[in-house]
Amino acid sequence: MKGAVELIKLSKSYDDHVAVKDIDLRIPAGSYCCLLGPSGCGKSTTLRMIAGHEDVTDGDILLNNRNVTDLPPRKRGTAMMFQNYALFPHMTCVDNVAYGLKVSGVNKAERHASAMDMLSLVNMVDHAGKLPSQLSGGQQQRVALARALICKPDVVLLDEPLSALDPFLRIQMRKELKQLQKTLGLTFIHVTHSQEEAFALADMAVVMDNGIIQQQGHPREIFEKPNSAFVADFIGGHNVLSADVLDNADIKQPFSVRADQISISAFHSRPDEDTYYTYGKIIDIEFQAQFYFIETLLDSGEKVICYIAEEKMDEQVITPAKKVMLSWKQKHINLFASF
Ligand SMILES: Nc1ncnc2c1ncn2[C@@H]1O[C@H](COP(=O)(O)OP(=O)(O)OP(=O)(O)O)[C@@H](O)[C@H]1O
């Protein structure tokens, strides 16, 4: 299978600002890889370097084991789909899609036929003669995708492809992207700041911060074992706590515990043998349909969020301003690799 990407000690500086620092990453062919992280973490710069739209300050980019670091974008085997789709407003859908073949010198009949094939792949044949302004956001995205695919890339690069869509369409288009990637068997590298989007799509998620890779792996691995306080905070659903908040444990470093693995019981309850516990005051209760979102404040001043399933919601105990015991199994403590 084609489409393996390798970044070796890749760096990018703008004057004296280092945007990407010495990153190493191997993306196996046929993966759906999401680069994830807060604004300014270096994810788009990394994508643009892979595409060849940004010079590399240091390091190498390998595509199918071929060093493409100094090749122009068209010679790499990559295709980029931009955040705003960058469709030509005065061209019909079919001409937008055929554009890449036109600049490569392919004759009109041939490029038209290929463009129609690509439009068929994204279910847009019926809209072939329309201008981009006559299409919805989701339809424009499909055309942009067809345009990226027409040059038969091994790797498709997508910069925040879903961010312009409303939440409902975003979920629908996310499914279509994943389906298309699976059907075509290509490598997709997708930049997003949304943990939810990355986790829904990726076989491989790469969490970046401050120009470096903080953690990479399958979303499930990252969710189960965030390796730092930054990752635990960023992906959400975790509490990062200091070593001394537990009443019955001798833990020497900060740790995280998932919000859905915490139980709330009455202040004077007897904890089970294999649990750690602490005490806090309920400061907020929110109904979230499948569960309750409970916010508590520990004496240390740290806040702990808990997701309590509806059937475990004891309203005698979980009441605003009430002091409660928070407990979780010892095995649910996640100690960070770095802190
Ligand atoms: N052309 C540029 N000139 C100078 N600095 C830049 C340039 N492009 C990006 N940067 C800086 O490099 C850092 C990384 O930017 P990058 O666009 O890769 O971040 P990002 O994680 O994609 O953020 P966002 O989600 O906001 O797009 C930021 O601090 C940014 O200000």
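In the predicted model, Lys152 counts as exposed, because 12 C-beta neighbours lie inside 10 Å and the exposed class takes in residues with 12 or fewer. The position of Lys152 is in the loop between helix H4 (137-149) and strand E7 (155-159). The backbone at Lys152 adopts a phi near 55°, a positive value in a residue other than glycine.

A positive phi in a non-glycine residue also occurs at Asp22, where the angle is near 60°. Asp22 belongs to strand E2, whereas Lys152 is placed in a loop. With 15 C-beta neighbours inside 10 Å, Asp22 counts as partly exposed, since this count falls between the limit of 12 or fewer for exposed residues and that of 20 or more for buried ones.

Strand E2, which spans residues 17-27 and holds Asp22, also contributes to the surroundings of the ligand. Both strand E2 and helix H1 (43-51) supply at least two residues of the shell around the ligand. Helix H1 gives the most to this shell, with three residues.

The residues around the ligand comprise Tyr14, His17, Ala19, Gly37, Ser39, Gly40, Cys41, Gly42, Lys43, Ser44, Thr45 and His193. Classified by side-chain type, the shell contains eight polar, three nonpolar and one charged residues. The charged residue is Lys43, because the charged class consists of Asp, Glu, Lys and Arg. Tyr14, Ala19 and Cys41 form the nonpolar part, as Tyr, Ala and Cys count as nonpolar. Gly is assigned to the polar class, so Gly37, Gly40 and Gly42 are among the polar residues of the shell.

Methods
Residues are numbered from 1 along each chain as its sequence is written. This is a predicted model: local features need pLDDT of at least 70, side-chain atom pairs count only at pLDDT 80 or more; totals for chains, interfaces and linings use all residues. A residue is near a molecule or strand if its C-beta atom, placed from the backbone, lies within 6 Å of it. Helices (H or I, at least four residues) and strands (E, at least two) are DSSP runs, numbered from the N terminus.
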